[in-house]
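Biologist: I should like to learn how the features of a structural model are read. Please take me through them one at a time, with the general idea before the case.

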Amino acid sequence: ITAGDSPIRVRYWPGDEEGRDRVSDAMEAGVPALAEFTGLEWPVSGTLLVRETVAPNLFGYAGWYLPTEDQIEMGEMLDEHVIVHETAHAWFNTDLFDSRWINEGLANTAAAHVLAEEFDEEIAPEPVRGSRARVALNAWTDPDFADEDNDEVEEFGYNASWFVVDAIVGEIGPEGLQAVLAAATGDEIAYVGAVEPESVDPVDDWRRFLDLVEEVGGAEGATELFDDHVIVAADRDAFEARIEARDEFRALVEAGGGWAAPALIRIPMAEWEFSAASDAIDEAEAALVVRDAVIAAAAGLDLEPGPAMEQAYESSDWSLNRAVAIAEAEQAALTALAAAEARVGADRHSYVERGLRD
C-alpha cells in the first residue's frame, strides 16, 4: 500500500483478509495524520514492512516496532490503536529520545489524537494510582520477563508514561509539541537566545525533554509531573538544583528588560551545569547594574544608549568583559558630557558674557 507518499508492505496470514484490510486502512489514514500531528516528515527512507506474527503475543504484547529493521510486527489481536501506536514509533524511538517512557508516552498520545481525528474513537490514559507495581518512569526500562510482576509493571509503565505525556501535550497543544519535536530533531538548544539556536548533543534524554517542553513548548506543569512520576532518587539533587537555577535564570531574564540571556548562561543551563550557570548569572547581574546606570545617565541628558552593549551582552559565550567595557566607556562619555553641559550652563562674569556675545 501507499500511505500518504510512503510505501508500506503489509504481510498477513493466508486467509486473514480482515486483518489485512484493517492494517491497510489504519495505516493509510494514520501515517498522514501522524505526520501532520508531529509536524515531521515520514522518517522511513525505504519501504516499511508490517508483518503479522505470533511473536509479540508470546511475550504478552499486541505488537512492537523494530527501528533498525524498519519493521512492525503485530499479533493477531489487531485494532486501530495498536496499529497507529506502533506506526508512531517510526518517529518515536531511540533516534529521538533515549528514554523508553518518553517514546511510549509520545506514541500513545499521538495515536489517541489520530484515533479521535480519523476514527472518531476517544481514548485516554487512566489516572495514575498507587500500585504494587508502581515504578518511577526513569526506572522503567526494557521488560524483565523473568520477573513475575513484569506484566503489572509493564501495564503501569505504559499507562503512567501516557498519562505524563498526555498531560504535557494537553497543556502546550499540538503546536507546542511540534516545536519541541522540531528542536529535538534539529539538535537545537532549549534555552534560546537572541542569536541562532546553538547545537547540542544529539542524544536526547529525559532532562532535555523536560527542558524542551518547558522552554520551547511553554509547559508550566511539567516539573511537578516529573517530580511525581518520573525521577528516581539518584536524580533528586540535580532536579532540585535545576529548580533553583531556573528561578535565578527567570529573574535574570526579567531584569534584562528584553535583553536575551547570553550563551554564557544558556549553555550550562542546557547541560545541567547549574553551578557554572549560577556563577554566570551573577556576572550578568553585575553587568546589568552597569547598564542600568548608563541608561539612567543617558536619560538625564535626553539621550538613549546605542545597541553596542546589548549586542555584546547577548552574544557573549565565555565572558561579559566586553559588554561591561562598552558600558563603562559609555558611562565615562556621559559623565564628561554632563560635566561639559554643566560648565556651559554655569553663571559667568559679565565681562565673559559680553565677550562671548561679541
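Biologist: What covers the buried residues of α9?

Modeller: The model is a predicted one, in which local features need pLDDT of at least 70 and side-chain atom pairs count only at pLDDT 80 or more, whereas totals for chains, interfaces and linings use all residues. Residues are numbered from 1 along each chain as its sequence is written, and side-chain values use heavy atoms, with hydrogens and water left out. Helices (H or I, at least four residues) and strands (E, at least two) are DSSP runs numbered from the N terminus. A residue is buried under 20% relative accessible area, exposed over 50% and partly exposed in between, for a 1.4 Å probe and protein chains only. Contact means heavy atoms within 4.5 Å. In this structure the cover over the buried residues of α9 includes α6, α8, α10 and α11.

Biologist: How many residues of helix α9 are buried, and which are they?

Modeller: Helix α9 spans residues 263–270, and 6 of its 8 residues are buried, so the rest of the structure largely encloses this helix. The buried residues are A263, L264, I265, R266, P268 and M269. Just after α9, W272 adopts a positive phi of about 60 degrees.

Biologist: Which other residues have a positive phi, and are they buried or exposed?

Modeller: D187 has a positive phi of about 55 degrees although it is not a glycine. D187 belongs to the loop between α5 and α6 and, at 22% relative accessibility, counts as partly exposed. For D302, also a residue other than glycine, phi is near 60 degrees. D302 lies in the loop between α10 (274–300) and α11 (308–314) and is exposed, since its relative accessibility is 75%.

Biologist: How many aromatic pairs does the structure hold?

Modeller: Rings of Phe, Tyr and Trp (its six-membered ring) pair if their centres lie within 6.5 Å; planes under 30 degrees apart count as stacked, over 60 as edge-to-face and the rest as tilted. The structure holds 13 such pairs. The rings of F97 and F209 have centres 5.1 Å apart and planes at 75 degrees, so this pair is edge-to-face. The pair links distant parts of the chain, 112 residues apart: F97 is in the loop between α3 (80–88) and α4 (100–118), and F209 is in helix α6 (residues 206–216). F97 is buried at 0% relative accessibility, and F209 is buried at 2%. The rings of Y191 and F249, with centres 5.3 Å apart and planes at 80 degrees, are likewise edge-to-face. Y191 lies in the loop between α5 (150–185) and α6, while F249 lies in helix α8 (residues 236–256), so parts 58 residues apart in sequence are tied together. Both Y191 and F249 are buried.

Biologist: Which residues do ring pairs link into a cluster?

Modeller: The cluster consists of F97, W101, W206, F209, F226, W272 and F274.

Biologist: Where does the charged end of an arginine sit over a ring?

Modeller: A charge sits over a ring if NZ of Lys or CZ of Arg is within 6 Å of the ring centre and within 35 degrees of the ring normal. The charged end of R207 sits over the ring of W272, 5.5 Å from its centre. The charged end of R291 sits over the ring of W259, at 4.8 Å from the centre.

Biologist: Which residues have the most contacts inside the largest nonpolar core?

Modeller: In soluble globular proteins, nonpolar side chains tend to be buried together. A nonpolar core is a set of buried Ala, Val, Leu, Ile, Met, Phe, Trp, Tyr and Cys residues joined through side-chain atoms within 4.5 Å. The largest has 93 residues, and W101 and I168 have the most contacts inside it. Helix α5 gives the most to this core, with 12 residues. Leaving aside neighbours within four places in sequence, I168 is in contact with F209, V213, A219, A222, L225 and F226.

Biologist: At what angle do α6 and α7 pack?

Modeller: Axes are lines fitted to C-alpha atoms, for helices over the stretch in contact, and angles run from 0 to 180 degrees between N-to-C directions. Angles under 35 degrees count as roughly parallel, over 145 as roughly antiparallel, 65 to 115 as roughly perpendicular and the rest as oblique. Helices α6 and α7 (residues 222–229) pack at about 150 degrees, with their axes 10 Å apart. Helix α6 is therefore roughly antiparallel to α7. W206, F209, L210, V213 and E214 in α6 meet A222, T223 and F226 in α7.
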